[in-house]
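Student: Please take me closely through one part of this structure, and then place that part in the rest of the chain. I would like the reasoning as well as the values.

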Amino acid sequence: MLAQADALVVLGSQLDGMNTKNWNLPWPSTVVLVDADPTFAMRNIDPTAVMVTNDISSAARALVADTKPRDEWCDVPATNAGVRARLLADTKGHDGISLVEAIENAWPDEGVIVCDMAVAGYWTGVYGRQPRPRRLAYPVGWGTLGFGLPAALGPAAAGVPTLSVCGDGGVAFALGELATIVQEN
């Protein structure tokens, strides 16, 4: 679907292996890379399709100049349903997508879900359907194991039902926060 987009706007990413499926993503015909040092990311993408700038205003003007209104460019629900059906039928993906479906069926729409950088969080963050905006916090990238519990404290303290999806030892990074939660009831 990414390759079929009219344009891709990249803000502050080095387009590393984690963000590009190990540099295997197909690019749309127009890529706008906006970064303080946009040449740094150029190591990782085809430079023939890229507008490189450190000025977001010029990037926005260039994108809007030839933009015409159009219908949605992909059928997101159909794509999602196809991927999930394939994962559910695959023995390697069955347990992961089953976890996602269990969370979807049990967690209230008004609740928040905060995923840690753990296997359960990867499944939930990537494949979970979100019934409303700003329901999911998911830190895509390197080195964020331990994010889940501390990030869940904000919405939980505000009285919003909050689910923190942790694993892979991530909670151990937040033992101080866990102690404070217990201390403060």
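Tutor: N185 is a useful calibration point, because its relative accessible area of 87% is over the 50% cut-off and it therefore counts as exposed. This residue belongs to the segment after α6 (175–183), and its phi is near 55°, a positive value in a residue that is not glycine. Another residue with such a backbone angle is R134, whose phi is near 60°, again positive in a residue other than glycine. R134 sits in the loop between α4 and β5, and it too is exposed, because its relative accessible area is 80%. Please keep in mind that this is a predicted model, and that every value I quote is computed from it.

Before the close look, here is the wider setting. The chain holds six helices and six strands, and along the sequence they follow the order β-β-β-α-α-α-β-α-β-α-β-α. Of its 185 residues, 29% are buried. If one takes the contacts between residues at least 6 apart in sequence, 49% of them join residues at least 24 apart.

The part I would examine closely is helix α2 together with what lies against it. Helix α2 runs over residues 76–89, and its 14 residues should span 20 Å at 1.5 Å a residue; the end C-alpha atoms are in fact 20 Å apart, so the expected and the modelled spans agree. At the start of α2, a side-chain oxygen of D75 comes to within 3.2 Å of the backbone nitrogen of A78.

Within α2, the residue to follow is R84. With a relative accessibility of 4%, R84 falls under the 20% cut-off and so counts as buried, although its side chain belongs to the charged class. What does a polar atom of the R84 side chain lie 2.7 Å from? The partner is the backbone oxygen of Y127. Once residues up to four places away in sequence are set aside, R84 touches I97, V100, E101, E104, Y127, G128 and R129.

Y127 brings us to the facing helix, since this tyrosine lies in α4. Its relative accessible area of 25% is between the 20% and 50% cut-offs, and Y127 is therefore partly exposed. Leaving out neighbours within four places in sequence, Y127 is in contact with N80, V83, R84, L87, I97, V100 and E104. One of these partners, L87, is 40 residues from Y127 along the chain, and their C-alpha atoms are separated by 9.9 Å. A general point about helices helps in reading such contact lists: an α-helix has 3.6 residues a turn, so residues three or four places apart point the same way.

The buried residues of α4 are G121, W123, T124 and G125. The elements covering them include α2, α3, β4 (112–115), β5 (136–137) and β6 (162–165). Helix α3 (residues 94–106) contains G96, which is buried because its relative accessible area of 10% is under the 20% cut-off. G96 and G121 are 25 residues apart in sequence, while their C-alpha atoms are 9.9 Å apart in space.

Helices α2 and α4 also meet at the largest pocket, which holds about 770 Å³ of space. Its lining comprises 19 residues, of which K21, Y122, V126, Y127 and Y138 are closest to the centre. The elements that give two or more residues to this lining are α2 and α4 (119–127). With five residues, α2 gives the most. Sorted by class, the lining of the largest pocket has 12 nonpolar, five polar and two charged residues.

For comparison, the second largest pocket has a volume of about 370 Å³. It is lined by 13 residues, with L2, N19, T20, K21 and L25 lying nearest its centre. Its lining divides into nine nonpolar, three polar and one charged residues.

To draw the close view together, the buried R84 of α2 has a side-chain polar atom 2.7 Å from the backbone oxygen of Y127, and Y127 in turn is among the residues closest to the centre of the largest pocket.

Definitions and conventions:
Residues are numbered from 1 along each chain as its sequence is written. This is a predicted model: local features need pLDDT of at least 70, side-chain atom pairs count only at pLDDT 80 or more; totals for chains, interfaces and linings use all residues. Side-chain values use heavy atoms; hydrogens and water are left out. Helices (H or I, at least four residues) and strands (E, at least two) are DSSP runs, numbered from the N terminus. The expected span of a helix is 1.5 Å times one less than its number of residues. A polar contact is a pair of N or O atoms within 3.5 Å; within protein, one must be able to donate a hydrogen and the other to accept it, and residues adjacent in sequence count only if both atoms are side-chain atoms. On a 1 Å grid over the protein atoms alone, a cavity is a set of points where a 1.4 Å probe fits but cannot get out, and a pocket is an open set with protein on both sides within 12 Å along at least five of seven lines; lining residues have an atom within 4 Å of a point. Grid points are joined across faces, edges and corners, and a volume is the space filled by probe spheres set on the points. Buried means under 20% relative accessible area, exposed over 50%, partly exposed in between (1.4 Å probe, protein chains only). Contact means heavy atoms within 4.5 Å.
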